[in-house]
Amino acid sequence: MAAAEEMIQAEGLMKRYGSTQALAGVDFAVPAGTILGLLGPNGAGKTTAVRILTTLAVPDGGRGTVAGFDVVRQPGEVRRHIGVAAQDATLDPLLTGRQNLVLVGELSDMGRSSARNRASELLAQFELTDAADRVLKGYSGGMRRRLDLAASMMTRPPVLFLDEPTTGLDPTSRSRVWDAIRELLGDGVTVLLTTQYLDEADALAHRIVVVDHGRVIADGTPLELKEASRSAHLQVTLSEPNSAAVGAIAPLVAGNVHVSDDGRRLSAGVDASTGLATSVVRALDAAGVTVDNIEVRQPSLDDVFFSLTGGHIVEEVTDGGGEDGSGAAVGDGVVDGPDADGSEDGASVGAYAGNGHREAESMEGVQS
Amino acid sequence: MTTTTLMPPVGFSAPRSKGAVVGRVADVWAMTRRNLVHISREPMQLSDVTLQPVLFTILFVYIFGGAIPIPGGGSYVDYLLAGMLALNLVTSTMGTAVGLSTDLHEGMIDRFRALPMWRSAVLVGRSMADLLTSCLCALIVGITGLAVGWRPGANYISIVGGFLLVLFFAYALTWIAACVGLNSKSPESAASFGFIVLFPMTFVSNALVPTQHMPGWMQAIATWNPVSAVVAGTRVLWGNPNPSGRIQAWPMQHPVWAALIWSVVLLAIFAPLAAHFFKRRTTE
């Protein structure tokens, strides 16, 4: 692919803050007119990558170009071609919404009258006209985010950086922001969007790059990422630890069976889930193992995310929620939960970390 | 292999870069207006330059006025007003330190840094806004003074010159305040600059009382304190009583020159230093 088609390019970006290696060699590219979703947990390095590409931070190593300009050697040119909506509120709380937008426009050499016209246009587009002349202090979180987005679009820049534009927003505000981002595509804008939400990346991005601990751990279209972790997942909770259990279910699953520290929870990836619960119950019964709970789940995008970044999350949420699911579904043994939204507890997170390695490997296939 | 040229999106034309000077002036003006809006939105900040001068002038004139004899004669209110102007303008530079520190601690600075603007406009715009509020403050001090009996004894040009002398010195001081603001950990610690440096600096001078009654060592400090030169210079320009003229030291004998030299030297040292600190604080 011709290099000129990439509006944003990161090559081996490295950045260290004190003892923290924020970026350990990150590569990605965003073709003109597309949206790239940069996905990862807190502290993965997303914001650092954005700060380097928007000229706010200087990389220790590697190279970044935006609209064909080098972010270190031509920061002025880069700034002329980008709009930034940063994660922290970066607007002036003492100015009105309109004053904020006009200020950004004027500082971008727009000229006062064209800055005013553009501000009115954007305020209308983001449904902020009524609040336009109120001081920002009185804005809700959602209104601030929309104004931040509007500020980033003042000069109609060809490249936009949106750092977690919907974090902390209610669903209505979120969908408004999504609509605004989708509209940009019609104008041929190139967008780098960072997010912690998979559904957001799924809904908006043409391509997703997953980062964790300052490295890219997966790169593909949303579909490719889901395909790559197509396998379902099995989790069994035993009444008491039993060494025969692993041997009993090993033939039924793909890959290794992971046993929790207390010996009661077994988890593994499985290729097909039809009739699986029945087979597992029979196999365990035959081995003389008593079972409290069996769960077979289809992967959601959240699972892909957790499986890729699993090790990181397990550190924070250790096997605390083991008992959570045991009250339900012992009788029929199967809880088919295709949509794990919002119900992630310690148990399922921990379980996915167990086979995270395997799935991360399959993700490598996507990358090449 | 295809070589597509980068197609700019609909409606975009890269912001033209104006002539460097025109662009910089425009950026400074935009930042100045922003800071003026701030001051108007924070009543407490505005009271520093509106209410405080009125209050201090009245309090000093009526409380100390009768008790302080002026060596060589003259009324205390005529003596006081130049000192009152200096006191208000010098202490209000604390606002520069607090304002810059606040800018750095809020995310706003990141937005400025990602815009194609002249970066130092953040600093210069701040100092311009503070200069304009200083002018307002000077006006209020002058009007209050006239109301309580201050009468300058010089022509208009000389009177305006007296105001400009203090304003120039205060402007130079804003760059010291900027250095403090750029190096302080929080806006609160930047505010302490006022109490630790600015108030003692104004009080240990000839601004409020004649220095002849101070202990010898303190009198020496007061004689060489730049505030004393500025205040004495203004008294000379205004044609008001200036007992410091009896002190045999160069700055007290040539107070206008001493005030100008002090101001230029402070400006020459601290403006570039502030630019350096600003760059250091905003580089990562």
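Modeller: The expected span of a helix is 1.5 Å times one less than its number of residues. Helices (H or I, at least four residues) and strands (E, at least two) are DSSP runs, numbered from the N terminus. This is a predicted model, in which local features need pLDDT of at least 70 and side-chain atom pairs count only at pLDDT 80 or more, while totals for chains, interfaces and linings use all residues. Residues are numbered from 1 along each chain as its sequence is written, with chains lettered from A and ligands numbered from 1 in the order in which they are written.

Colleague: Let's try that on α5(B). How do you know what span to expect for this helix of twelve residues?

Modeller: Helix α5 of chain B covers residues 94–105, and at 1.5 Å a residue the expected span is 16 Å. From first C-alpha to last, α5(B) reaches 17 Å, which is close to that value.

Colleague: What makes you call α5(B) mostly covered?

Modeller: Nine of its twelve residues are buried, a word that asks for 20 or more other C-beta atoms within 10 Å of the residue's own (12 or fewer is exposed, in between is partly exposed, and C-beta atoms are placed from the backbone). Among those buried are M94(B), G95(B), L100(B) and D103(B).

Colleague: And S120(B), in the loop between α6 (108–113) and α7 (121–147) of chain B: why is it called partly exposed?

Modeller: S120(B) has 17 other C-beta atoms within 10 Å, so it falls between the two cut-offs and counts as partly exposed.

Colleague: Which residues is S120(B) in contact with, leaving aside its neighbours within four places in sequence?

Modeller: A275(B) and F278(B); contact here means C-beta atoms, placed from the backbone, within 7 Å. S120(B) and F278(B) are 158 residues apart along the chain, yet their C-alpha atoms are separated by 8.1 Å.

Colleague: Over to chain A. How do you know that β1(A) and β2(A) are paired?

Modeller: Pairing takes at least two bridges found by DSSP, and nine join β1 (residues 6–17) to β2 (residues 20–31), so these antiparallel strands pass. M14(A), for one, stands opposite A24(A). Two residues lie between the strands of this hairpin, where G18(A) takes a positive phi near 60°.

Colleague: What makes β12 and β14 of chain A edge strands?

Modeller: Their sheet is open, with four antiparallel strands in the order β12-β13-β11-β14. β12 (254–259) and β14 (291–297) each pair on one side only. From one strand to the next, the twist averages 15°. Inside this sheet, six bridges join β11 (residues 232–238) to β13 (residues 265–270), with A232(A) opposite V270(A). Helix α10 (residues 276–286) packs on the sheet and touches β11, β13 and β14 of chain A.

Colleague: What makes the six-stranded sheet of chain A an open one, and which are its edge strands?

Modeller: The order is β6-β7-β8-β3-β9-β10, with mixed pairing, and the edge strands β6 (82–85) and β10 (215–220) each pair on one side only. Here too the twist averages 15° from one strand to the next. Five bridges join β9 (residues 207–212) to β10(A), including the one between I208(A) and G220(A). Helix α5(A) packs on this sheet, touching β6 and β7 (159–163) of chain A.

Colleague: How are α3(A) and α5(A) set against each other, parallel or perpendicular?

Modeller: α3 (residues 97–107) and α5 (residues 141–152) of chain A pack at about 25°, their axes 9 Å apart. (Axes are lines fitted to C-alpha atoms, for helices over the stretch in contact, and angles run from 0 to 180 degrees between N-to-C directions.) Under 35 degrees counts as roughly parallel, over 145 as roughly antiparallel, 65 to 115 as roughly perpendicular and the rest as oblique; α3(A) is therefore roughly parallel to α5(A). G97(A), N100(A), L101(A) and V104(A) of α3(A) meet L147(A), A150(A) and A151(A) of α5(A).

Colleague: Why are α4(B) and α11(B) called oblique, then?

Modeller: α4 (residues 76–92) and α11 (residues 226–238) of chain B pack at about 135°, with axes 9 Å apart. That angle lies in none of the named ranges, so the pair is oblique. Residues that meet include A82(B) and G83(B) in α4(B), and V227(B) and W238(B) in α11(B).

Definitions and conventions:
Two residues are in contact if their C-beta atoms, placed from the backbone, lie within 7 Å.
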